[in-house]
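Trainee: Could you show me how to read salt bridges in a model?
Mentor: Happily; let's look at one together.

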Amino acid sequence: MKIKHLKVSALFLAATLLTSSCVGSFSLFNRVAKWNTHATSSKFLNEIIFILISPAYAVCSVADLLVLNTIEFWSGSNPMAQKVGTTQEVQGKDGRYYAVTTLKDGYEVKNPEGETIRFVYDKKTDSWSQIQDGKKTEIFRFNEDGTIQANLQNGSSIRVTPDAAGLFEARMAVNGACFYAAR
């Protein structure tokens, strides 16, 4: 009997350790709940709908817990949390507002004058590109060794690390700074 309790305790301990800090947003469950609360204008009818579809809540919770939240933890984004087609007004550093629309493969940014720029992600090459006036320009790509290849406006490219030092190096290269070493 004690061995059975030990096995169950070990299983719960392992589950706790494996799922710590992996709470996630529970996007699928929240979508079902939001739909249910707004299904009709009557809260009593919504409660009847809740009772009838309660197994869907269990299925969505398990799918969120075991699949979607795990993907969110390791990749940083939940596939259900992305709201493709939604547009948000974002204030730029210049104080003007830009319309940012979420696309399936990236974002479309429209400036106050109506000009649009698309930023698209290519899974095959693991890269982000900019499309403006029908011209596609690769901005950067993730290398297999963990570095990032950033393409500069003058046509050259620079390989940097994904940390503060790499960001500083890329900023210096974009602004035309030169590095000299002396002994």
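Mentor: We will go through the salt bridges and where their partners sit. This is a predicted model, where local features need pLDDT of at least 70 and side-chain atom pairs count only at pLDDT 80 or more, while totals for chains, interfaces and linings use all residues. Residues are numbered from 1 along each chain as its sequence is written, and side-chain values use heavy atoms, leaving out hydrogens and water.

Trainee: How many salt bridges does the structure hold?
Mentor: Side chains of opposite charge can pair when their charged atoms come close. The cut-off is a side-chain nitrogen of Lys or Arg within 4 Å of a carboxyl oxygen of Asp or Glu. The structure holds five.

Trainee: Which residue forms a salt bridge with Glu113?
Mentor: Arg96 does, with the closest N and O atoms 2.8 Å apart. Arg96 is in the loop between strands E1 (87–91) and E2 (97–103), and Glu113 in the loop between E3 (106–110) and E4 (116–122), 17 residues apart. Strands (E, at least two residues) are DSSP runs numbered from the N terminus. Asp94 joins Arg96 and Glu113 in a network of salt bridges.

Trainee: Is Glu113 buried or exposed?
Mentor: Buried means under 20% relative accessible area, exposed over 50%, and partly exposed in between (1.4 Å probe, protein chains only). Glu113 is exposed at 52%, and Arg96 is partly exposed at 32%.

Trainee: What does Arg159 pair with?
Mentor: Arg159 meets Asp145 in a salt bridge (3.2 Å, N to O). Arg159 lies in strand E8 and Asp145 in the loop between E6 and E7, so the pair ties together parts 14 residues apart in sequence.

Key: Helix = DSSP H or I, 4+ residues; strand = E, 2+ residues; numbered from the N terminus.
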